[in-house]
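Work through the exercises below with the sequence and the model side by side. Each task is followed by a solution that goes step by step.

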There are 4 protein chains.
Amino acid sequence: MEYADGKVKDLQIAYIGGGSRGWAWTFMTDLAMDEELSGTIRLYDIDAEAAKHNEIIGNRLSAREDVVGKWNYTVSDSLQSALTGADFIVISILPGTFDEMAVDVHMPERLGIYQSVGDTAGPGGAMRALRTIPMYVEIAQAIRAYAPKAWVINYTNPMSLCVKTLYYVFPEIKAFGCCHEVFGTQKVLKGILEETMGLKDVKREDIQVNVLGINHFTWFDYASYKGIDLFPIYRKYTEEHKEDGYKEADKNWANSTFECAHIVKFDLFRKYGLIAAAGDRHLVEFMPGVGDSYLKDPETVKRWKFGLTTVDWRKKDLQERLAKSARLAAGEEEIELKPTGEEGIQLIKALCGLTRKISNVNIPNTGHQIANLPESAVVETNAVFERDAIRPLYAGELPEQIKELVDPHVANHERILKAAILCDFDLVVEAFLEDPQVKGRASREQVEELVRDMLRSTAKYLPEGWKKYL
Amino acid sequence: MEYADGKVKDLQIAYIGGGSRGWAWTFMTDLAMDEELSGTIRLYDIDAEAAKHNEIIGNRLSAREDVVGKWNYTVSDSLQSALTGADFIVISILPGTFDEMAVDVHMPERLGIYQSVGDTAGPGGAMRALRTIPMYVEIAQAIRAYAPKAWVINYTNPMSLCVKTLYYVFPEIKAFGCCHEVFGTQKVLKGILEETMGLKDVKREDIQVNVLGINHFTWFDYASYKGIDLFPIYRKYTEEHKEDGYKEADKNWANSTFECAHIVKFDLFRKYGLIAAAGDRHLVEFMPGVGDSYLKDPETVKRWKFGLTTVDWRKKDLQERLAKSARLAAGEEEIELKPTGEEGIQLIKALCGLTRKISNVNIPNTGHQIANLPESAVVETNAVFERDAIRPLYAGELPEQIKELVDPHVANHERILKAAILCDFDLVVEAFLEDPQVKGRASREQVEELVRDMLRSTAKYLPEGWKKYL
Amino acid sequence: MEYADGKVKDLQIAYIGGGSRGWAWTFMTDLAMDEELSGTIRLYDIDAEAAKHNEIIGNRLSAREDVVGKWNYTVSDSLQSALTGADFIVISILPGTFDEMAVDVHMPERLGIYQSVGDTAGPGGAMRALRTIPMYVEIAQAIRAYAPKAWVINYTNPMSLCVKTLYYVFPEIKAFGCCHEVFGTQKVLKGILEETMGLKDVKREDIQVNVLGINHFTWFDYASYKGIDLFPIYRKYTEEHKEDGYKEADKNWANSTFECAHIVKFDLFRKYGLIAAAGDRHLVEFMPGVGDSYLKDPETVKRWKFGLTTVDWRKKDLQERLAKSARLAAGEEEIELKPTGEEGIQLIKALCGLTRKISNVNIPNTGHQIANLPESAVVETNAVFERDAIRPLYAGELPEQIKELVDPHVANHERILKAAILCDFDLVVEAFLEDPQVKGRASREQVEELVRDMLRSTAKYLPEGWKKYL
Amino acid sequence: MEYADGKVKDLQIAYIGGGSRGWAWTFMTDLAMDEELSGTIRLYDIDAEAAKHNEIIGNRLSAREDVVGKWNYTVSDSLQSALTGADFIVISILPGTFDEMAVDVHMPERLGIYQSVGDTAGPGGAMRALRTIPMYVEIAQAIRAYAPKAWVINYTNPMSLCVKTLYYVFPEIKAFGCCHEVFGTQKVLKGILEETMGLKDVKREDIQVNVLGINHFTWFDYASYKGIDLFPIYRKYTEEHKEDGYKEADKNWANSTFECAHIVKFDLFRKYGLIAAAGDRHLVEFMPGVGDSYLKDPETVKRWKFGLTTVDWRKKDLQERLAKSARLAAGEEEIELKPTGEEGIQLIKALCGLTRKISNVNIPNTGHQIANLPESAVVETNAVFERDAIRPLYAGELPEQIKELVDPHVANHERILKAAILCDFDLVVEAFLEDPQVKGRASREQVEELVRDMLRSTAKYLPEGWKKYL
């Protein structure tokens with residue numbers, strides 16, 4: 001890469017994965033609309049056809065006259081060739097297929113455990129992690145060997161465990177995880193502010209928040225818009241709308257069918273005093289499964305107005321995206337040049353020195369950004385992004401009650417990473433038993449059986465070491 | 001205070017001290033040029049005439065047509081009335097007079113100890129602290145009683161000990177210390193960048209740095225301008241200019257006669273690899289007094305091209321400022337509306353929610369912003385300023401060698417605070433003996449005698465408790 | 001001091017205080033019965049007559065044929081002369097008189113606050129601390145000046161604050177606090193063990209416990225006798241005796257009229273799962289004063305079977321001791337040579353290298369002996385005593401629920417030390433308001449009035465600095 | 001196990017390994033001489049014949065009339081059966097054979113790297129760890145499954161990494177590592193004390209020391225005998241004997257051919273001020289290999305008067321032990337009932353509640369027993385052993401200079417554990433490059449080749465995962 005006159009040329013970005021298309025196109029779109037960056041995108045995917053399609057789509061896009069950000073898209077046939085010389089590495093992979101995800105999400109239902117997403121916490125998140133971690137071990141080793149100085153941006157879930165694995169294998173890695181859930185909650189605040197104060201065109205980025213927690217279970221203990229404290233406004237709104245929640249107008253592909261009315265969020269505010277900063281579908285999966293669980297059964301879910309995203313829907317959605325991919329590659333359809341609302345490109349620009357930006361980020365807690373979580377936890381807080389540096393802001397402490405909710409997940413991250421690396425069945429059972437969604441809802445024997453059945457169903461995507469248990 | 005439409009009205013600022021005029025006028029000037037803030041400045045000074053002069057000057061300035069920032073200046077006759085209802089409190093006092101400062105700076109010369117400033121570290125800094133801390137205890141108690149929620153901005157030296165005292169007495173205080181030395185070093189970097197790269201009009205604020213250390217002994221381990229790493233440029237420059245240093249063009253009242261050629265800074269870079277970020281006159285006072293001391297004797301000082309600011313000069317300068325004060329109050333002269341380069345007003349605006357700003361700040365290390373200094377140390381690092389919040393950035397660790405230089409000063413801050421509060425003679429002696437400028441240069445007996453003589457000379461400004469030693 | 005052949009000769013012990021006689025005689029008795037130590041006891045008391053009496057009594061005792069531990073008792077007329085050359089320093093003073101203590105204990109009754117001891121926590125403990133701390137500042141300064149290498153044993157209450165003050169003034173001090181409350185609870189365990197298991201002659205020292213907490217509010221999370229876990233035995237006993245408690249046979253002067261039935265202790269075990277290790281009279285003063293307070297009113301106290309030690313009793317008891325002192329000094333009565341059960345002499349022997357001993361001790365938490373209390377807290381845990389060294393054992397963590405009970409007291413220790421040093425009225429008010437016995441039971445105004453009245457009543461024993469509030 | 005009347009009956013001890021006979025017989029001998037313990041020893045070894053031999057030898061010993069400690073020895077045919085129901089688990093295995101050890105020790109000589117032991121630090125220690133860790137993963141999993149409450153005593157080297165692996169897999173394990181090197185240094189001190197002070201029959205246990213460091217690289221910053229400080233005595237002796245060292249009289253099987261003159265130890269004292277507390281053969285392997293290395297070449301080694309234990313010697317020695325084993329099993333020879341000087345049995349007795357004992361132990365630093373090493377490091381310090389509990393003593397801080405020597409080894413423990421679990425070639429290379437014996441003495445290419453060749457030579461004892469590199 002080369003900086004001159006406020007622009008960066010010849011930037012080398014390795015894009016690992018992207019076969020599921022969605023994120024790749026978001027990324028392409030944002031690149032296409034930014035004239036300060038240019039260079040090469042090396043596409044690497046174990047699904048070679050997916051990479052090829054993206055190459056065609058990317059180059060076609062770049063050739064368009066209305067596109068100011070000019071990039072050369074090229075398929076790499078190995079991790080080594082994709083990484084060598086890269087300035088940035090973007091990782092966005094799907095570990096296994098939606099068939100495996102169907103098991104993640106739905107098999108635990110036999111114990112009454114319903115999952116609204118199933119990719120982060122809970123049995124689904126754990127099982128997905130067992131497939132993902134070995135891939136991340138390999139990717140981290142490759143980065144250490146071929147691109148140790150590159151910045152690594154992770155979009156894959158389970159976010160915390162992906163980032164944790166990268167740092168475990170290669171502690172000097174310059175990696176971070178990006179997630180847009182916080183933006184979603186900023187938009188809710190923006191909407192409430194506009195609705196109640198009669199303001200117009202409040203920018204999402206101007207809703208300043210202090211972020212603390214772990215990915216998909218993050219919290220704001222501070223929210224401001226210019227001179228206005230948003231907490232009293234939010235408090236009033238949540239009291240008046242505890243039943244109907246908040247309805248948002250704008251949507252993008254990433255969350256259109258993943259809606260919620262935010263009344264779980266409102267309820268959590270009433271109980272804990274902080275603003276939970278992720279979609280309700282994610283939040284509920286971190287909460288205890290006994291007592292007044294938001295996920296008790298489908299009727300309860302309906303009452304709390306969020307969706308249980310079925311994997312059937314995901315499969316259908318994927319088909320549509322593949323069809324769209326074919327159309328885009330064939331030139332039968334064009335990518336729409338509309339800002340996606342993601343900050344990935346902005347962060348890359350900041351790391352190139354073109355701007356200085358404060359945004360939320362998932363990295364290890366080694367700067368004590370959350371004072372009462374262990375240093376080894378991967379946490380989500382704000383950080384300043386500047387040329388070749390990320391500096392976390394001191395986010396303070398989690399309130400004791402919320403810390404008690406977060407602690408078992410942080411402990412499970414340790415456990416699951418260890419289980420994945422050692423191929424250790426008992427650790428997976430322990431992780432299930434300690435997961436708040438499972439805890440107190442099934443016997444050890446039932447859980448052992450569930451773990452064994454889930455492992456068997458996904459055995460194709462697991463290392464050899466698991467065979468002895470299956 | 002009241003926020004509306006991007007402006008803050010009716011802001012109540014208590015200004016404690018200011019009798020020496022300089023800082024007060026800087027502050028007035030910056031306020032006068034900012035149209036987004038308005039309100040009342042309550043002036044409180046034990047020198048009532050000084051406060052009265054400032055009231056007249058401030059109101060005269062505010063009445064001018066070319067002034068957009070409108071403020072009502074008013075003298076408060078007690079701390080209580082100044083503080084009650086204040087949103088912000090600015091403290092800028094002179095503990096004692098320049099007669100006492102003459103003792104601070106010059107009496108230690110009898111042991112061969114020369115001081116270039118004498119207000120922060122060294123015998124002079126310690127003695128000044130003994131006068132200042134009791135005043136700060138009283139101020140902190142008053143803030144706790146009358147304005148516990150107000151933001152407190154300290155400009156008084158010794159900075160670290162003033163801030164430390166405020167937090168010691170009232171741990172929940174929202175206080176921070178501002179210092180412009182870092183800006184000075186940013187300007188040096190800006191100048192070198194322009195000189196060597198042919199760039200023009202680089203803004204000081206665009207020199208992004210990572211700040212770590214203690215006030216007047218701060219360091220950059222990172223310096224960037226947009227996409228450019230300034231370290232290699234600085235390294236080359238310091239090698240080529242190790243003899244002649246760097247000459248800066250612009251000056252303001254605060255440093256015009258306080259010049260240096262920055263070759264101490266260049267020498268420290270060669271030895272320690274980081275950019276020391278204060279004027280050379282300050283830096284040298286933190287370094288060991290034995291071996292190749294920069295302060296060995298006046299000849300050595302001359303060779304290193306920085307000044308020993310004599311107190312005679314300060315007295316003369318004060319006379320001029322008092323004369324100017326009279327002229328300003330009488331309307332015979334006008335304050336010039338020129339940006340001062342200070343960030344105080346910017347920080348107030350950020351704390352009001354009007355902007356978000358990253359700047360260097362002196363606060364306790366409770367956010368672990370410097371990982372390898374104790375939590376109780378008052379450190380200088382960058383922080384994000386936003387509505388009613390300061391969030392320190394994680395600045396990392398001091399390199400081991402520099403930490404060894406910083407440690408004795410941090411330890412002395414503890415000692416001197418304790419000595420001041422307990423009126424403990426032996427602790428002062430210990431602090432002198434552990435001060436790097438003194439260490440190894442005098443016997444305990446000599447130091448005891450010096451401490452006793454210095455205390456006697458400044459006894460008028462010390463609490464009763466010291467009498468038993470004098 | 002001089003070691004040879006398993007004995008230590010010419011040991012120099014400074015004994016500060018002792019005017020109240022009790023502790024001094026205990027100490028003399030133990031010394032008299034130990035043949036491995038000999039030397040000089042330098043008695044220093046602001047009550048010169050008391051010191052003189054003790055000198056006569058000590059030397060008379062030492063001269064007896066049945067006494068194997070030979071010591072020379074001598075009155076010192078200044079701290080300096082007592083301390084210079086001392087190997088050990090014992091401090092056991094009464095800050096003020098029982099008239100002041102009467103105010104400590106009884107004046108808060110006007111707000112319904114009853115105190116069973118009034119010398120550690122609660123309003124009485126705080127007020128006593130305000131008198132004691134200035135004396136300890138002076139003593140610590142004297143030790144630093146005249147005997148910096150001596151071991152310092154504190155017996156004065158409030159224990160935590162006395163030890164904290166010594167370390168605050170002179171961080172390198174080799175000081176520790178001794179308290180026999182833990183022994184009392186070991187004796188309860190011994191008694192229960194003998195009663196329920198039919199064992200005989202169990203030695204108190206063989207009841208091995210893990211001690212953690214703060215003085216007078218210490219806890220055992222482990223108690224063993226040889227191969228036997230005492231927790232199930234204690235659990236069973238507390239269930240069967242929740243009404244009648246445990247009655248002990250042996251008593252000594254220190255607790256004869258200070259009895260309790262230990263049912264508060266049993267109740268705390270039921271609630272928190274650990275064995276509280278101090279007399280019930282002490283324990284209750286640390287617990288919340290609202291809700292089911294053990295100290296709600298005299299009737300409640302009676303129901304829980306412990307005493308409210310009145311100061312009238314103490315005054316009468318002192319008269320008796322003074323009379324006894326006169327008789328002892330006149331040779332009309334002899335000190336009885338019976339082991340006192342205190343470990344002070346054992347600890348001195350261990351520090352001389354004659355034995356190695358594990359015992360409970362009050363020192364700052366700088367060895368992280370209690371992992372979840374701050375380093376600056378003075379904690380009570382076990383430590384190994386050996387030649388010239390005390391090494392705390394890692395005691396683990398306080399359980400969360402107990403930590404919540406301990407935390408406000410640890411915070412108040414900080415506050416009260418600061419209040420005493422700064423003569424800061426508002427900090428005392430804050431300490432009262434945060435004390436669990438006071439919290440929620442009186443308005444700030446009522447507390448301010450109480451603090452003012454209590455300060456006034458004890459003003460004679462307070463520094464000048466308080467005058468401005470009285 | 002069952003406690004009654006000061007004895008413990010029916011103790012169940014699983015003994016894993018022991019095929020090399022030496023340690024097993026030591027253990028048997030100590031058990032045979034202690035009348036307070038009895039029970040069953042379950043022998044488990046992958047070398048079934050070795051276990052069978054030990055069974056015969058053990059039972060034969062137990063049947064002798066002069067033996068007071070009666071035990072039933074029995075071979076277990078699986079880890080599960082050995083562990084289920086065990087109260088204690090002793091692990092003493094040889095990872096691989098002496099053929100593999102020959103590679104560990106001698107192959108690095110091609111780069112000029114001589115190793116005196118080759119089982120702890122250096123290339124040999126690392127390679128041995130790669131073979132050992134997978135076995136310890138399996139053992140830890142088995143303990144978690146079958147005997148989670150048992151106490152686990154490790155004797156296998158590399159000690160720190162064996163203990164680290166056990167805690168990594170099963171953090172709740174009650175495991176510790178025992179090593180007699182500290183005793184050896186206590187004996188040196190005892191000998192010097194007797195020699196210089198004319199004392200007789202000083203007991204090794206009465207040499208009280210404060211132990212801090214990591215296994216085989218431990219240090220004393222304190223050594224006392226009763227009232228005598230041993231530091232000045234040791235200092236004088238090391239000055240007078242810097243050439244000839246100290247010659248010890250008594251030897252036992254474990255160190256007879258492993259002698260040294262302790263002049264390395266004396267030299268380290270001169271340089272660092274603390275007493276290094278392991279045999280010189282171990283100490284030298286932790287020190288830098290460049291500069292004045294004690295291991296520069298065989299001539300240097302000779303000058304420093306310690307041995308390079310060749311593996312040929314070990315093989316011959318093993319043959320002798322196997323022959324002796326046959327004779328013992330056949331009843332042609334009898335085990336001699338002589339105290340071995342090991343403390344293993346004493347520690348078991350303490351953990352049973354029969355005594356309370358202070359001894360050195362290798363456990364994770366989770367009690368902050370060494371304040372300036374990370375919590376995750378396995379450190380060696382003193383601890384109190386009592387019924388079912390080990391409580392580390394606070395050992396203080398390593399002096400900065402020694403910490404710098406220890407740090408790279410602590411970092412390498414992390415690296416090597418990770419390398420072993422991930423089968424990560426590059427991490428092994430990094431560990432070699434960071435090992436002080438290797439650092440600065442070979443290129444990365446040379447080290448990569450050495451690592452590859454060493455791995456190939458020991459491939460038979462490594463997991464599958466390494467194949468891809470070989």
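**Exercise 1. Describe helix H7 of chain A: its span, its buried residues and what follows its end.**

Begin with the length: H7(A) covers residues 181–197, which makes 17 residues, and helices here are DSSP runs of H or I with at least four residues, strands being runs of E with at least two, numbered from the N terminus. From its first C-alpha to its last, H7(A) reaches 24 Å, close to the 24 Å expected at 1.5 Å a residue, where the expected span is 1.5 Å times one less than the number of residues.

Next, look at burial, where buried means under 20% relative accessible area, exposed over 50% and partly exposed in between, with a 1.4 Å probe and protein chains only. The buried residues of H7(A) include Glu181(A), Val182(A), Phe183(A), Val188(A), Leu189(A), Ile192(A) and Leu193(A). Finally, step past the end of the helix, where Gly198(A) takes a positive phi of about 70°.

This is a predicted model, in which local features need pLDDT of at least 70 and side-chain atom pairs count only at pLDDT 80 or more, whereas totals for chains, interfaces and linings use all residues. Residues are numbered from 1 along each chain as its sequence is written, chains are lettered from A and ligands numbered from 1 in the order in which they are written, and side-chain values use heavy atoms, with hydrogens and water left out.

**Exercise 2. Characterise the interface of chain B with chain A.**

Count the contacts, meaning heavy atoms within 4.5 Å: 27 residues of chain B touch 27 residues of chain A. The two chains bury about 2,700 Å² between them, 55% of it on carbon and sulfur atoms, buried area being the accessible area (1.4 Å probe) that two parts lose on being put together, summed over both. On the side of chain B, Arg356(B), Arg387(B) and Arg391(B) lose the most area to chain A, together 25% of what that side buries.

Then turn to salt bridges, in which a side-chain nitrogen of Lys or Arg lies within 4 Å of a carboxyl oxygen of Asp or Glu. The interface of chain B and chain A holds two of them; Arg387(A) forms one with Asp229(B), with the closest N and O atoms 3.5 Å apart. Among the elements that give two or more residues to the side of chain B that touches chain A are strand S8 (207–214) and strand S9 (217–225) of chain B.

**Exercise 3. Characterise the interface of chain B with chain C, and then explain the setting of helix H15 of chain B.**

In this interface, 14 residues of chain B are in contact with 14 residues of chain C, and the two chains bury about 1,300 Å² between them, 48% of it on carbon and sulfur atoms. Two salt bridges are counted between chain B and chain C, and the side chains of Asp424(C) and Arg144(B) meet in a salt bridge at 2.6 Å, N to O. Helices H5 (122–146) and H15 (425–434) are among the elements of chain B that give two or more residues to the side touching chain C, and H5(B) supplies the largest share of that side, four residues.

Why is H15(B) largely enclosed by the rest of the structure? Seven of its ten residues are buried, so H15(B) is largely enclosed. The buried residues, among them Phe425(B), Leu427(B) and Phe432(B), pack against H5, H14 and helix H16 (444–457) of chain B together with helix H5 (122–146) of chain C.
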